[in-house]
Amino acid sequence: MTPRFTADLSASIAVFLIALPLSLGIALATGAPLQAGLVAAAAGGIVAGRFGGAPLQVSGPAAGLTVVTAELIQRYGWRTTCAITVLAGVCQLALAALRTARSALMVSPAIVHGMLAGIGVTIALAQLHIVLGGTPQSSPIANVQGLPGQLADPHPAALAVSVLTFAVLLGWPRLPGRVGRRLRKIPAALAAVATATTFAVLAGLTLPLVDLPSWRSHALPELPEGPVLGIIAAVLTITLVGSVESLLSSVATDKLIASERTADTRPPRADLDRELRGQGAANIVSGALGGLPITGVAVRSVANVKSGAVSRRSSIMHGCWVVLAAALLVPVLDLIPLAALAALVMAVGIQMVSITHMRTVTRHREILVYVTTIVAVVLGGVLEGVAIGIAVAVAVALHRLARTRITVEQPDEGVHRVRARGQLTFLAVPRLSRVLGQIPHQSHAVIELDGSFMDHAAYEALHDWQDSHVAHGGSVEVTGRSGARIADPDRGERGHQCCRPWTPWANHCDHREAPATPARRGKGQLASGITAFQRDTAPLVRDELARLAREGQRPSQLFITCADSRLVTSMITASGPGDLFTVRNVGNLVPLPGAESGDDSVAAAIEYAVDVLQVESITVCGHSGCGAMQALLNSSPDAPPSPSPSPSPLRRWLRHGRPSLARMASRHHAWARIAGRLPADAVEQLCLTNVVQQLEHLRAHEAVARRLAEGKLELHGMYFHVGEAQAYLLTGGEDHFDCRVFDSVGIPAENWTERVNSGV
């Protein structure tokens, strides 16, 4: 057996040991025949594993569909529910054919987490009755109402088995010592159910057990019977909930793989449309064979990745193990107490109400949407709860869009300052006009706009007031939140696309007229930039930075570029925190080993990136109009030494660029070309040649040479034309820079890390 097959085999066994008790428990919670859970686990593993688009995702019956399925069984019966599952699978195939998988991810995370938490509450309330030795009622409200009577008269044997199950579930991951470390390899769910079953058998307890009837009497689907609209709503509910949960699980699995594996051991990223096709096919097979609805299961997928699976074989083999267990282990499964399965599923339901999710939605001010969705799901059902959650989310978004705070400060040195916080729409025009009317004629007014949108009505109101105020002898300055003045094209002022008022770096543009006071420069500019970051950007990146603080940095690239202020690496590479390990110096130079003359900073960074961080590629990026290259051209390497005792630090550093000058002058090297044309001038030619030469210097470093020989490192040359805002990649040998490998924004999609949160 190959190492890859062995890894998949080991992972499949680990996932099977988790899936077996959970599948039985979920079937118990829905009120379906217990075999239906095994059928769904097998179909999800084999069919979705074979045809799905997420290689390491494991599918099967999931807690997210428990409440929906239980309602359908109560309303239409089990056999009709199977037919509804088949129709839901057909709908998923249709959605996949329309390539709509990505659109399912646009649902607010607050709604999705609220839906799952509501389902978890419903599951926990129902299973609590079985834990206490009773029978669950038909609705969460009825379960709550019946709880006092159940608590007053519990079943001692069922309660003892349930408490033991909970104790093992909580304590198993915390077993100490070497023996505990070995025992922890057994899944906690399996250990809890096995311990509770052994205890019940040895103690001779009398309580309800799993009863798997003969497969010969297994119920298969029948044609749906009931109101047409009700059947359609049921099909859409299974389709919606199952698809969203599966796709979110796929994305989460991809993130886990990216954080756990290096690039050479990662499977391909999830194809969400193919994954939706696989889920649809699995639901058709499961429903046709009398199984529960299927979705991607995050718990099993995480176990699959953590157990070392490398391909979809692990999911398929896990399904095969379920088939063998259903055929050969029925006598053993019949010994499991229902109270143990109920305790297991109740624990899963409680875990679905995540404290982490609560903190996240609170931080993003979406706790109202989250809580409303939970309450609506518990009281009205999944489909109704999601619809209400979406309505509340839309209302909250509209409220934020319409809410604008407009204030005027007391005059300071004759300057009246008006601040508008939020979006300026027609709804804010009355307040804006009222505040502007308080500013006396013949005064200087500063209007600070802190928002990302201004509609035509608000623009006209502000523009008309400005004309009137100026006509009465006053003056007006309209600024962004950073204090930078905003040009008005209607007044003949030249506007710049890069300096719209919402552009974070607008206050740094040199083409703006100089500020009237020095307070906006130096420390004042730095302070305003920090304030803007803390207010606007920090809330968006805090979770990602917290994760990087916990896990440490794992950049994919070492990016060596010039210290020029016009070169913003995160902007031209669409990268963010944790993506690039960046080294910047004058001229993007890489000194040859031993030539640093006391400055080992670049060599140290290369060694750290290659040997410690184990980056997968190194990029040397030059740019147009490089001052260091201009200085090299203006200096003559044959000139007599300077009369001063020692050259300046800049001159000493630029010595490392002289090989680039020699390469450009050599007849043995062709001149570099850019997008099929010759460079515009000697400076651009040297800038291009310097990138090629520094790549040669990189190869001379021992760590780089070793990783290149092992095939674990790639070198890239890049050139950024500042005036064109266009990036070029070194292709076709050592003398050709081309932009044809870039997408519409000039970024090579195959070389740069894709952002997790594209909104950051």
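## Asn-690 and its surroundings

In this predicted model, Asn-690 is in contact with Gly-587, Asn-588, Leu-589, Met-629 and Ser-660, once its neighbours within four places in sequence are left aside. The residue itself belongs to helix H27, which covers residues 682–699, and with a relative accessibility of 1% Asn-690 counts as buried. Its side chain also has a polar partner, because the side chain of Gln-694 makes a polar contact with that of Asn-690 at 2.9 Å, inside the limit of 3.5 Å that such a contact requires.

## Helix H24 and what covers it

Met-629, one of the residues in contact with Asn-690, is also one of the buried residues of helix H24 (residues 627–634), where Ala-628, Met-629 and Leu-632 are buried. These residues span an arc of only 100 degrees around the axis, and they therefore lie on the same side of H24. The cover over the buried residues of H24 includes helix H25 (649–654), helix H26 (658–665) and H27, the last of these being the helix that holds Asn-690.

## Cysteines without a disulfide

A disulfide is a covalent bond between the sulfur atoms of two cysteines. How many disulfides does a search of the whole structure find? The search finds zero disulfides, and two cysteines can serve as examples of what surrounds such a sulfur atom. For Cys-621, which is in no disulfide, the nearest cysteine sulfur is that of Cys-562, 9.2 Å away; at 0% relative accessibility, Cys-621 counts as buried. Cys-687 is likewise in no disulfide, and the nearest cysteine sulfur to it, that of Cys-626, is 5.1 Å away. Because a disulfide needs the two sulfur atoms within 2.5 Å, neither the 9.2 Å of Cys-621 nor the 5.1 Å of Cys-687 meets the requirement. Cys-687 is buried too, with a relative accessible area of 3%.

## Aromatic pairs and a charge over a ring

The count of aromatic pairs comes to two. One of them joins Phe-581 and Tyr-608, whose ring centres are 5.8 Å apart and whose planes stand at 40 degrees, an arrangement described as tilted. Phe-581 lies in strand S8 (residues 580–585) and Tyr-608 in helix H23 (residues 601–612), so this pair ties together parts of the chain that are 27 residues apart in sequence. As for accessibility, Phe-581 is buried, with a relative accessible area of 17%, whereas Tyr-608 is partly exposed, with a value of 36%.

The rings of Tyr-719 and Tyr-728 have their centres 6.5 Å apart and their planes at 45 degrees, so that pair is tilted as well. Tyr-719 counts as buried at 0% relative accessibility, and Tyr-728 counts as buried at 6%. Elsewhere in the chain, a ring has a charged residue as its partner: Arg-50 lies over the face of Phe-51, at 5.3 Å from the ring centre.

## Ala-192 in helix H9

Is Ala-192, a residue of helix H9 (residues 188–203), buried or exposed? With a relative accessibility of 0%, Ala-192 counts as buried. Not counting residues up to four places away in sequence, Ala-192 touches Thr-165, Val-168 and Leu-169. A further relation in this part of the structure is that of Ala-192 with Leu-170: they are 22 residues apart in sequence and 9.2 Å apart in space, taken from C-alpha to C-alpha.

## Positive phi in two loops

Most residues other than glycine have a negative phi. Gln-614 is not a glycine, yet it has a positive phi of about 55 degrees, and its place is in the loop between H23 and strand S9 (617–623). Ala-725 also has a positive value although it is a residue other than glycine, with a phi near 50 degrees. It lies in the loop between strand S11 (714–721) and strand S12 (726–730), and at 56% relative accessibility Ala-725 counts as exposed.

## The chain as a whole

The secondary structure of the protein chain comes to 28 helices and 13 strands, and buried residues make up 47% of its 760 residues. Among contacts between residues at least 6 apart in sequence, 75% join residues that are at least 24 apart.

Note on methods
Residues numbered from 1 in each chain as written. Predicted model: local features only at pLDDT ≥ 70, side-chain atom pairs only at ≥ 80, totals over all residues. Heavy atoms only, no water. Helix = DSSP H or I, 4+ residues; strand = E, 2+ residues; numbered from the N terminus. Buried < 20%, exposed > 50% of the residue type's maximum accessible area, 1.4 Å probe, protein only. Polar contact = N/O pair within 3.5 Å; in protein donor to acceptor, adjacent residues only side chain to side chain. Contact = heavy atoms within 4.5 Å. Phe/Tyr/Trp six-rings, centres within 6.5 Å; stacked < 30°, edge-to-face > 60°. Lys NZ or Arg CZ within 6 Å of the ring centre and 35° of its normal. Arc of directions from axis to C-beta.
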